[in-house]
Amino acid sequence: MVPAPRALPSAQALPQQIAVLPSPVLLAIPAVLVLFTATALAQVITTEVTDTIYRADGKPAGGTVLVSWSAFTTSSGQAVASGSTSATLAVGVLDVRLTPNAGATPIGSYYTAVYHLDDVSVSREYWVVPVSSTPVHISAIRSTVLPTSI
């Protein structure tokens, strides 16, 4: 025996039978807002360090600058884990963004910059980076006082 076909609901009954589901787009909006808020809160302010590096013979240097640091807390209270980064010198141009450590704790926090230049020279210097919305030059951040512990 073949079952009898079921009758389709009337047009008036359809709205009552269909559950209104939220649009996937509407569901995604709160998730995106939370993500953007968390990202904005997690960003640490950085200062751009830029300069042209020259070799002793006056020519723009090529090579790499390795920058490392110990953990510190910025003057605005943001924790920065210890780490390192590197920048390649292209025709002497150095451009790297660093979290300001001027006024940080522990007192005396500094960046160690090690230059590995294309003339095989290697040199080291120490930087204290201020908060700045404009790029700073190395002459403004180079520490004239040797850090207490190296």
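Asparagine 101 counts as buried in this predicted model, with a relative accessibility of 3%, a value that falls under the 20% limit for burial. The residue is placed in the loop that links strand S6 (93–98) to S7. A polar atom of the asparagine 101 side chain lies 2.6 Å from the backbone nitrogen of valine 129. Apart from neighbours within four places in sequence, the contacts of asparagine 101 are Phe72, Ser109, Tyr110, Tyr111, Trp127, Val128 and Val129.

**Overall architecture**

The protein contains 3 helices and 8 strands. Read from the N terminus, the order of elements is α-α-β-β-β-β-β-β-β-β-α. Of its 150 residues, 27% count as buried. The exposed surface of the protein amounts to about 10,300 Å², of which carbon and sulfur atoms supply 64%. Among contacts with a separation of 6 or more, 61% are made by residues 24 or more positions apart.

**The sheet around S7**

An open sheet is formed by 4 strands in the order S5-S2-S7-S8, with antiparallel pairing. Strand S5 (83–89) and strand S8 (122–127) are its edges; each has a single partner strand, so one side of each has no neighbour in the sheet. From one strand to the next, the twist averages 20°.

Strand S7 covers residues 111–117 and is joined to S8 by 6 bridges in the antiparallel sense. On the other pairing, strand S2 (residues 63–69) and S7 are antiparallel over 7 bridges. Of the 7 residues of S7, 6 are buried, so the strand is largely enclosed by the rest of the structure.

Individual pairs in these two ladders are set out below.

| Residue | Residue opposite | Strand of the residue opposite |
|---|---|---|
| serine 68 | threonine 112 | S7 |
| threonine 112 | tyrosine 126 | S8 |
| histidine 116 | valine 122 | S8 |

Threonine 112 thus appears in two of the register pairs, standing opposite serine 68 and opposite tyrosine 126. The hairpin of S7 and S8 has 4 residues between the strands, and valine 120 adopts a positive phi near 75° there.

**Valine 96 in strand S6**

Valine 96 belongs to strand S6. This residue is buried, its relative accessible area being 7%. Valine 96 and glutamate 48 are separated by 48 residues in sequence, yet their C-alpha atoms are 5.8 Å apart in space. With neighbours within four places in sequence left aside, valine 96 is in contact with Thr47, Glu48, Val49, Thr85, Ala87 and Trp127. Trp127 is therefore a contact of valine 96 and, as given above, one of the contacts of asparagine 101, with burial of valine 96 at 7% and of asparagine 101 at 3% relative accessibility.

**Confidence**

The mean pLDDT of the protein is 83, and 69% of the residues reach 70 or more. Over residues 32–40 the pLDDT is below 50, and this stretch has 0 contacts in the model beyond near neighbours in sequence. Where pLDDT is low, predicted coordinates should not be read in detail.

Technical notes: Residues numbered from 1 in each chain as written. Predicted model: local features only at pLDDT ≥ 70, side-chain atom pairs only at ≥ 80, totals over all residues. Heavy atoms only, no water. Pairing = 2+ DSSP bridges. Axes fitted to C-alpha atoms, helices over the stretch in contact; angles between N-to-C directions. Buried < 20%, exposed > 50% of the residue type's maximum accessible area, 1.4 Å probe, protein only. Contact = heavy atoms within 4.5 Å. Areas by Shrake-Rupley, 256 points an atom, 1.4 Å probe, with all protein chains shown as cover. Polar contact = N/O pair within 3.5 Å; in protein donor to acceptor, adjacent residues only side chain to side chain. pLDDT = per-residue confidence, 0-100.
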